[in-house]
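Student: I'd like to learn how to read a few features off a model like this one. Can you walk me through them?

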Amino acid sequence: MGTWWQGTWLVAERALLENVRSRTVKVVTGVLLLLSVAAVTLPQVIGGGSTTYKLATVGTAPAGVKAALTAAAKSAELKVAYTTRADKASVRRAVRDGDATAGLVGTTLYTATDAGGTFPVLVAQTLVSQEASRRLSAAGLSPRQVADIQAIRPPRQVTVGRVDDAGRAGIGFAVGVVLYLAITFAGTAIATTVATEKSTRISEVLLAVLRPSQVLVGTVLAIGTVALAQLVVLAAPLAVAVRVTDAIGLPAVAGGDIAFAVAWFGLGFVLYAFAYAATASLVDKVTEVNSAIMPVTVALVLGYLLAVAVVMPDPGSGWSTAVSIFPLSAPLAMPIRWAAGTVPVYQLLVAMALTAATGGLLAWLGSSIYQRALLVTGRRVKLRDAITRP
């Protein structure tokens, strides 16, 4: 076994060095790092600071209104600025031209047709509250009784949806997309490498001193290492920012979801890598690779489409459960469903166990096909012949 791994490592080291020296790999890794850093820093640059709304009034805004709005704005983490105008027409014009978010003239509140409802509603509630206080006082209630009435809290509001946290669910969707692209690119790279080595007869030189399984595992290991490193470069800054600094406004648990994606990449990569290598070994020319790996690519694309079309709209449905546990779609669907917060732990463990077992089975079957097809040159090998050939 030690000798087998030594030979495998020699193949992996050779392929790894070729990939590391590749300009494409360097450029892609650099771009991924820039994207990750940008995802952390841009929200702070673009969305830094609280939102500021502006209220236009004729003359100075009433002291009671200003005090109430300032207190409400502070609790809502927003700012209120005030601007004065000479008359009602000027207030209307300020709101119409976008110089003010809202305008207040007596008991009339002016808002733009395309303005959001948050600040105007806040101003309206403030006016209603003050008028209610005035009428309660006029009816004979003491200031303490008026204050007690105004202290009544609204009912506790609980948002009910199909996901626990929309921001975390968005991270799950992004993880699914990244995993799909990472597995696709890595699988295509493996297929191209296998086909190139076979068409250029490099594989014949390697097979003179090594076993076919050593060549296959070494190639898969090298490309998988590069893909995993690129994924870590992309995910690590995001996971740290979410879990430690809260720099992009997502729950801390989303950092674990991002880190968890690395584990799912490993399972998904093993699941599909050997299938890509096996189908690529059937060709005699590099130009035939795309058609040869089409069945594997179709299976991967279908898994991704099921994850997006079935799991995203309703993560808690029975179909979503089935898609997220089925081994061929689990690496893409389960991260999305897990981020929705609706997955029991036992389903996660079952999905990972089934995916690992299926990956081992496909690795064994792919290795068998690879060993038989690699020895046939000069023509394209049919899959049926590679499976049945002794």
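**Reading the features**

Tutor: Happy to. Keep in mind that this is a predicted model. Let's begin with charged pairs: by the distance rule, the count comes to one salt bridge.

Student: Which residues form the salt bridge?

Tutor: R96 pairs with D97, and their closest N and O atoms sit 3.1 Å apart.

Student: Are R96 and D97 buried or exposed?

Tutor: R96 is exposed, at 63% relative accessible area. D97 comes out as partly exposed, with 46%.

Student: Next, empty space. How do I look for that?

Tutor: The general idea is that rolling a probe the size of a water molecule over the atoms shows where empty space is left. In this structure, there is one cavity of 30 Å³ or more. The largest cavity holds about 40 Å³ of space.

Student: Which residues line the largest cavity?

Tutor: The lining is made of V175, D257, F260, A261, W264, P335 and W338. Two elements give two or more residues to that lining: α10 (253-280) and α14 (330-339). Helix α10 supplies the largest share, four residues.

Student: How does the lining of the largest cavity divide into nonpolar, polar and charged residues?

Tutor: You get six nonpolar residues, no polar ones and one charged.

Student: And how should I think about nonpolar cores?

Tutor: As a rule, in soluble globular proteins, nonpolar side chains tend to be buried together. Here, the largest nonpolar core has 59 residues, and the members that touch the most others are L179, I190, W264, F265 and L332. Once again α10 shows up: the largest share of this core, 14 residues, comes from that helix.

Student: W264 was in the cavity lining too. What does W264 touch?

Tutor: Leaving out residues up to four places away in sequence, W264 touches L179, A330, P331, M334, P335, L348, A351, M352 and T355. One of those contacts, P335, also lines the largest cavity. Apart from the largest core lies another core, of 11 residues, including L55, L69, L78 and L122.

Student: Could we finish with one residue and where it sits? Say, which helix does A182 lie in?

Tutor: A182 belongs to helix α7, residues 166-199. A182 counts as buried because its relative accessible area is 16%, and the cut-off for buried is under 20%.

Student: How far apart are the C-alpha atoms of A182 and F265?

Tutor: They are separated by 7.9 Å, although the two residues are 83 residues apart along the chain. F265 is also one of the residues touching the most other members of the largest core.

Terms used
Residues numbered from 1 in each chain as written. Predicted model: local features only at pLDDT ≥ 70, side-chain atom pairs only at ≥ 80, totals over all residues. Heavy atoms only, no water. Salt bridge = Lys/Arg side-chain N within 4 Å of Asp/Glu carboxyl O. Buried < 20%, exposed > 50% of the residue type's maximum accessible area, 1.4 Å probe, protein only. 1 Å grid on protein atoms, 1.4 Å probe; cavity = no way out; pocket = protein on both sides within 12 Å on 5 of 7 lines; lining within 4 Å. Points joined across faces, edges and corners; volume = space filled by probe spheres on them. Nonpolar A, V, L, I, M, F, W, Y, C, P; charged D, E, K, R; others polar. Core = buried A, V, L, I, M, F, W, Y, C linked by side-chain atoms within 4.5 Å. Contact = heavy atoms within 4.5 Å.
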